[in-house]
Amino acid sequence: MIQSILKHASVRKYKTTPIPESVLNEIIEAGVRASNTGNMQLYSIIVTKSAEIKEQLAPAHFNQPMIKNAPVVLTLCADVNRFTKWCNQRNADAGFFNSESLISAIIDTCLVAQNICIAAESHGLGICYLGTTTYNPQQIIDALQLPKGVFPVTTVTMGYPDESPALSERLPLNAVVHAEKYNDYTSDAIDKAYNEIENNPANQKFITENNKQNLAQVFAEIRYSKSNNEFFSEQLMEAIKSQGLL
């Protein structure tokens with residue numbers, strides 16, 4: 001298992017080979033065995049195989065090809081709707097339509113998603129997380145007919161790989177691990193933490209292609225600009241409000 005985790009790379013090209021239902025069920029079963037808040041399981045998993053529904057989901061994910069090409073698309077949602085309905089049907093005074101419960105549900109959903117991904121890779125499948133899920137949540141809510149109390153957190157495409165991507169670089173452990181308490185970063189520590197990534201030939205090419213001076217500028221000014229972050233933040237908050245979760 002450890003070796004499988006250490007070899008993880010996002011797969012964006014898939015064979016047309018379908019995933020056997022028994023394999024998919026076992027993967028999802030591994031997902032729901034994840035730890036969760038108070039054993040309430042404040043999440044739902046939408047399994048999409050239909051070309052029609054994938055077509056509806058694609059624009060929300062900026063039409064990334066793997067949405068349509070992957071045999072299975074999983075949309076993992078924070079869900080206080082189901083638990084609230086159970087409480088109401090048992091004459092229990094439920095109070096889960098709020099930001100505290102939303103945070104708990106998001107944590108639960110992410111734990112399930114990671115279990116699913118590890119299980120999928122153990123079966124020889126490839127996966128890719130789509131961070132675009134929270135960029136255009138309302139489109140996903142509409143496409144999947146999510147009721148109030150249900151909110152899309154992340155999307156995972158899954159299938160048998162049709163590529164062998166190289167491992168992405170990661171920061172060294174001493175850049176992300178703090179002993180006993182948070183040790184804030186000095187300028188020297190920042191330089192050391194990002195030195196290898198900044199000098200990676202692929203990233204140097206990335207800098208040149210984007211006509212920037214360094215990798216930080218590519219991330220902060222091109223890929224994840226302040227204006228885009230603020231725009232998508234507004235859309236995110238509006239969708240959360242519309243689902244009754246604030």
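## Strand pairing

In this predicted model, strands E2 (residues 72-79) and E4 (residues 150-159) pair in the antiparallel sense over 8 bridges. One position along this pairing is Val73, whose bridge partner in E4 is Thr157.

## The sheet and its edges

The pair belongs to an open sheet of 4 strands, ordered E1-E2-E4-E3, with antiparallel pairing. Strand E1 (43-48) and strand E3 (126-130) stand at the edges; each has a single partner strand, so one side of each is left without a neighbour in the sheet. On average, neighbouring strands of the sheet are turned by 25° against each other, direction ignored. Strands of a sheet pair through backbone hydrogen bonds, in a parallel or an antiparallel arrangement.

## Helix packing

Helix H7 (residues 137-144) packs on the sheet, where the helix touches E1, E2 and E4. The direction of H7 makes about 80° with that of E4.

## Cysteines

A disulfide is a covalent bond between the sulfur atoms of two cysteines. A search of the whole structure finds 0 disulfides. For Cys77, the closest cysteine sulfur is in Cys110, at 12 Å, which is too far for a bond. Cys77 has 0% relative accessibility and therefore counts as buried, the cut-off being under 20%.

Cys117 is likewise in no disulfide, and the nearest cysteine sulfur, that of Cys128, is 9.1 Å away. A pair of cysteine sulfur atoms must be within 2.5 Å to count as a disulfide. Cys117 has a relative accessibility of 3%, so this residue counts as buried.

Key
Residues are numbered from 1 along each chain as its sequence is written. This is a predicted model: local features need pLDDT of at least 70, side-chain atom pairs count only at pLDDT 80 or more; totals for chains, interfaces and linings use all residues. Side-chain values use heavy atoms; hydrogens and water are left out. Two strands pair if DSSP finds at least two bridges between them. Helices (H or I, at least four residues) and strands (E, at least two) are DSSP runs, numbered from the N terminus. Axes are lines fitted to C-alpha atoms, for helices over the stretch in contact, and angles run from 0 to 180 degrees between N-to-C directions. Contact means heavy atoms within 4.5 Å. Buried means under 20% relative accessible area, exposed over 50%, partly exposed in between (1.4 Å probe, protein chains only).
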